[in-house]
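Biologist: Could you take a close look at one part of this model for me? I would like to understand how its pieces meet.

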Amino acid sequence: MKRQRFFATLGAGLALATVAACTGSSTAAPSVPPSPTAKVTGTVEFWHFFTGREEAAIKTAVADFHTKYPDITVNVHGGQDDEKMLKAIAAGQPIDLALSSTTDRAGKFCQSGAFKDLKGYIDRDKLDLTQFPDAVLAYTQFNGVRCTLPMLSDVYGLYYNKAMLAAAGVNEPPKTLGELTALAKKLTVLNPDGSIKVAGFVPLMGWYENAPAHFAPSYGSKWLNADATSAIGGDPTWQEMAKWQKDLVDYYGVDKLTKFTSGLGQEFSADNAFEKGKVAMVIDGEYRSAFVTAEAPTLPYATAPFPTGDNHTDLYGGGYITGNIMGIGKGSTNPEAAWLLMKYLTTDTDAMVKLANSIKNVPTTKAALSSPKLEADANYTTFLKIFADPHSSTTPASPTGSQYQDTMADFFTKWQTGKVSDLQAALNDVDKQINDALALATGP
Amino acid sequence: MALALTARRAGPVPAPLRAKRRRDRLTVLAFLAPWLIGLSVFFIYPLVMTLYYSFTRFDLVTAPHWIGLRNYEFFLTKDPKVWQAVRNTAWLVVILVPARMIFGLGVSMVLTTVRRGGGLFRTLFYLPALAPPVAATLAFVFMFNPETGPVNVGLAKIGIQGPLWFNDPAWAKPALVLLGLWGIGDLMIIFLASLLDVPKDQYEAAALDGVRPWQRFRYITFPNIRPVLTFGAVTGVIAALQYFTEASVAATVASGKANVGEGIGTTLGYPDGSTLTYPQWLFVKGFSDYALGYASALAVLLFAVSVIFTVILLRKAQAFTPTEESLR
């Protein structure tokens with residue numbers, strides 16, 4: 001009897017704790033803060049993902065902020081990815097300002113309320129949003145809720161080895177993917193046993209920066225409809241991309257390519273295949289130039305917009321844009337100071353230019369882009385032009401984060417290894433998987 | 001007995017005795033308290049909450065929203081990747097666990113027969129178990145690199161073209177099994193202890209009766225070490241159901257890429273989902289896609305399967321204790 005009572009009490013306690021835990025959190029309503037009556041002071045807990053050389057640049061920017069606002073102390077927490085940040089926010093940890101490395105989770109951050117709605121601050125301080133390019137503005141909000149501001153962006157283009165192209169009698173980079181294919185074949189060098197010694201271009205999806213998202217602007221491919229359902233199966237450009245990619249994979253042979261890539265160095269290491277001259281052309285972000293300068297300063301390389309699909313030459317000049325996004329954590333204990341730091345890092349021209357010069361990312365305000373202080377050599381200028389090109393695009397924000405991109409990447413893995421017989425049916429299945437995941441995340 | 005109990009219940013218990021009993025119970029409870037608190041806070045409460053979350057849509061930040069059985073329906077009908085993870089995990093349970101047990105037992109039996117240098121061999125076989133899983137996996141991926149690894153280079157020298165190992169969907173899991181066999185030290189040491197514990201007189205009697213080696217193993221060694229084998233099987237199955245670290249490191253290193261753009265779900269499982277395990281998919285859904293409700297449903301199912309496996313194994317093996325019948 002006593003034992004029963006003990007377990008009944010334990011059960012009741014657990015049930016109570018369960019109910020308490022289930023009702024403890026709720027979606028944060030958009031806050032409209034009043035104008036601060038006193039000088040903003042205190043401490044800002046700033047979480048970001050940068051590490052190593054890039055973290056040092058962030059610390060310098062924060063030190064400059066502290067010089068400008070000596071009453072605000074910033075505790076910088078580097079190397080914090082989205083997963084850690086979201087868990088900390090959910091646990092009620094007071095993250096004042098958070099910097100995420102990807103735009104893919106803007107939908108999650110805004111929809112869930114993990115980051116505060118910035119409308120109140122923006123309206124109150126009359127922050128001019130037109131200082132940001134349209135593509136950047138698009139990826140920092142979701143469904144009309146702006147919970148983030150952009151802080152530097154990544155732009156993707158073509159890196160090519162000038163010496164290898166010159167040796168093949170080519171002086172201009174390819175402008176269409178048909179030209180890239182022909183050039184890749186010309187630049188490929190085989191070993192006596194038939195294995196690949198040097199690849200003109202590695203078309204394997206999943207290798208280094210080869211991702212459907214990064215190739216999509218070359219075809220103007222559409223990911224999602226306005227209601228966040230998949231548009232992939234109904235967009236014929238995806239089939240064009242898949243066929244181009246598979247043709248080149250088949251030219252090399254998927255096993256040969258896999259063996260070749262398995263012997264190459266890690267992407268973010270001094271053994272990077274492009275830096276080592278093992279691959280003549282790659283798609284990569286503007287940040288690669290900083291790595292080349294540090295790790296392979298004598299590499300004869302140049303940059304250009306990534307080639308377009310053969311039937312989409314009008315898109316030439318554009319490319320894939322993504323970037324870092326910054327938001328004020330749901331449980332921030334000093335949002336005013338966090339907002340000040342956020343404004344400084346995202347809109348102060350000198351601060352942004354200084355950061356861009358150190359990290360070699362692309363600035364995200366028009367003023368910083370045209371600043372004479374921006375150190376822009378020919379290779380870096382390519383990316384500034386891609387960034388400004390109207391054909392550049394990004395991946396749309398979705399309530400499911402990057403799941404739709406993961407699903408497409410899975411499709412390409414099967415496709416390139418010859419496991420897909422009916423391309424349209426496979427893309428329809430991609431649609432179904434994306435829509436099912438969306439329904440689970442947002443349905444009634 | 002029943003009468004005595006009835007009489008005891010019916011009769012009044014003296015107040016001092018009641019107080020003593022209460023004190024005794026409180027004393028027992030006080031001694032049990034640390035365990036009870038730990039069990040409640042770190043096992044029962046998370047278990048109850050996980051069960052609750054499995055019926056909700058939950059993204060960590062907003063309040064859970066009750067959706068009934070939809071997470072389970074999604075698992076059964078709308079998540080093709082989870083079934084790939086289930087198949088991979090089942091493969092590891094069926095292949096990796098028996099392979100490790102057979103190899104561990106074989107090594108232990110050989111070590112019991114070594115006359116000189118047994119300590120040295122025991123140490124050599126046990127040492128890999130001390131290597132951190134991440135470091136050991138890294139080393140293995142580099143050793144089995146199809147292009148530059150010493151394994152394929154060595155095979156090429158004797159005219160064999162080695163497979164792509166961790167880069168080939170057909171060979172990635174067998175390569176993980178080789179890694180598991182290399183780190184056999186933990187199993188080997190308990191099997192060895194158990195083998196050394198088998199009464200020698202039984203072997204001597206068998207020798208006098210002229211039994212063959214297989215009969216000696218079947219009728220003397222096996223019944224004596226069966227409890228330890230059962231323990232190895234149960235813990236091995238549970239570990240295989242939770243297999244995560246080695247597969248994650250192998251996939252990440254072999255893929256040669258950092259996670260840019262897509263979530264971690266595209267790197268885990270490389271190549272072509274062949275090393276994607278059930279716990280990894282649970283992790284991806286929970287902490288990359290933030291579908292905590294669905295991830296909770298996956299966790300509940302994993303827990304249920306673990307319990308079922310354990311109960312079946314224990315029943316089949318008649319628990320950890322050898323019985324008269326098993327030794328007969």
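How much area do chain B and chain A bury between them, and what part of it is on carbon and sulfur atoms?

Modeller: Happy to walk you through it, and please keep in mind that this is a predicted model. Chain B and chain A bury about 4,600 Å² between them, and 56% of that area is on carbon and sulfur atoms. On the chain B side, the residues that lose the most area to chain A are Val61(B), Asp272(B) and Tyr290(B), which together make up 15% of what that side buries. Counted by residues, the contact draws 52 from chain B and 59 from chain A.

Now for the polar side of this interface. The rule finds 3 salt bridges across the interface of chain B and chain A. If you want a place to zoom in, try the side chains of Asp410(A) and Lys81(B), which meet in a salt bridge at 2.7 Å, N to O. There are also 14 residue pairs in polar contact across the interface of chain B and chain A, with both residues at pLDDT 80 or more.

Where on chain B do these touching residues come from? At least two residues each are supplied by helix 2 (15-53), helix 3 (70-77), helix 4 (80-113), helix 12 (245-255) and helix 13 (278-287) of chain B. Helix 2 of chain B provides the largest share of the side that touches chain A, 9 residues. Sorted by class, that side of chain B has 25 nonpolar, 15 polar and 12 charged residues.

Helix 2 turns up again inside chain B, so to speak, at the contact between its domains. The domain assignment splits chain B into domain 1 (13-70) and domain 2 (82-319), and their C-alpha centres lie 34 Å apart. Here 10 residues of domain 1 of chain B are in contact with 9 residues of domain 2 of chain B. The two domains of chain B bury about 720 Å² between them, with carbon and sulfur atoms giving 79%. Between domain 1 and domain 2 of chain B the count is 0 salt bridges, while 2 residue pairs are in polar contact, both residues at pLDDT 80 or more. Helix 2 of chain B gives the most to the side of domain 1 that touches domain 2, with 5 residues. By class, that side of domain 1 of chain B divides into 6 nonpolar, 3 polar and 1 charged.

Definitions and conventions
Residues numbered from 1 in each chain as written. Chains lettered and ligands numbered in written order. Predicted model: local features only at pLDDT ≥ 70, side-chain atom pairs only at ≥ 80, totals over all residues. Heavy atoms only, no water. Contact = heavy atoms within 4.5 Å. Buried area = accessible area lost by both parts, 1.4 Å probe. Salt bridge = Lys/Arg side-chain N within 4 Å of Asp/Glu carboxyl O. Polar contact = N/O pair within 3.5 Å; in protein donor to acceptor, adjacent residues only side chain to side chain. Helix = DSSP H or I, 4+ residues; strand = E, 2+ residues; numbered from the N terminus. Nonpolar A, V, L, I, M, F, W, Y, C, P; charged D, E, K, R; others polar. Domains from an automatic or database assignment.
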